[in-house]
Amino acid sequence: MNCKALTLRIIPGPECPAELWDLRFEVLREPLGGDPASARFAGDDLPTTRHFTAWQGERMVGCASLMLSTLSLPDDLPHHAGDWYQLRGMAVSDAMQGTGVGRRLLQSI
């Protein structure tokens, strides 16, 4: 499949679609024996969360979520003033892996 025919969308946390959880489950949890509920993360629906998604027509084929972190930065990282975000739940459908979807998602962040 052609990665150039993708539509990229940024979805606010409160509007997180069920397709995102389905894709996370299919790619990240199901192969490890997880249950569908494990693909939903605390913070998915917060106003500070952004879900970066890739669509092939009406089908979501990639996702990556940025969530405002509540953790302190590790001591071995340079000091940073202000908020910082954590990348969570990045997944690309099996059919689209190796086509550049993940790269396009990261470039859109």
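Begin by selecting leucine 23 in this predicted model; leaving aside residues up to four places away in sequence, leucine 23 touches Met60, Val61, Gly62, Cys63, Ala91 and Ser93. Leucine 23 lies in helix α1, and because its relative accessible area is 4%, leucine 23 counts as buried, the cut-off for that word being under 20%. Add serine 93 to the selection and draw a C-alpha to C-alpha distance: leucine 23 and serine 93 are 70 residues apart in sequence, yet 6.8 Å apart in space.

Next, widen the selection to the largest nonpolar core, whose 10 residues are Ile11, Cys16, Leu20, Trp21, Leu23, Val27, Trp55, Met60, Cys63 and Ala91. Colour helix α1 (18–29) and strand β3 (59–68), since each of these elements supplies at least two residues of this core; α1 gives the most, with 4 residues.

Within that core, centre the view on cysteine 63 and display its surroundings. Not counting residues up to four places away in sequence, cysteine 63 touches Leu20, Leu23, Arg24, Phe52, Thr53, Gly89, Met90, Ala91 and Leu105. A second, separate core of 9 residues can then be picked out, with Leu6, Val92, Met96 and Val101 among its members.

From Val101, move on to helix α2, which spans residues 101–108 and has Val101, Gly102 and Leu105 as its buried residues. Where do these buried residues sit around the axis of α2? They cover an arc of only 100°, which puts them on the same side of α2. In general, an α-helix has 3.6 residues a turn, so residues three or four places apart point the same way. To see what lies against the buried residues of α2, show β1 (7–12), β2 (50–56), β3 and β4, as these are the strands that they pack against. Then rotate the view to the face of α2 turned away from its buried side, where the exposed residues Arg103 and Gln107 are carried.

For the last stop, switch to a surface representation and select Leu87, Leu106 and Ile109, which form a nonpolar patch on the surface with about 250 Å² of accessible area together. Of these, leucine 87 has its place in strand β4 (residues 85–92). Is leucine 87 buried, partly exposed or exposed? Leucine 87 counts as partly exposed because its relative accessibility is 42%, which falls between the limits of 20% and 50% that define this class.

Methods: Residues are numbered from 1 along each chain as its sequence is written. This is a predicted model: local features need pLDDT of at least 70, side-chain atom pairs count only at pLDDT 80 or more; totals for chains, interfaces and linings use all residues. Side-chain values use heavy atoms; hydrogens and water are left out. Patches are made of residues with over 30% relative accessible area and no salt bridge: like charges are joined within 9 Å, nonpolar side chains (Val, Leu, Ile, Met, Phe, Trp, Tyr) within 5 Å. Accessible areas come from the Shrake-Rupley method with a 1.4 Å probe; for residues, only the protein chains shown count as cover. A salt bridge is a side-chain nitrogen of Lys or Arg within 4 Å of a carboxyl oxygen of Asp or Glu. Buried means under 20% relative accessible area, exposed over 50%, partly exposed in between (1.4 Å probe, protein chains only). A nonpolar core is a set of buried Ala, Val, Leu, Ile, Met, Phe, Trp, Tyr and Cys residues joined through side-chain atoms within 4.5 Å. Contact means heavy atoms within 4.5 Å. The arc is that of the directions from the helix axis to the C-beta atoms.
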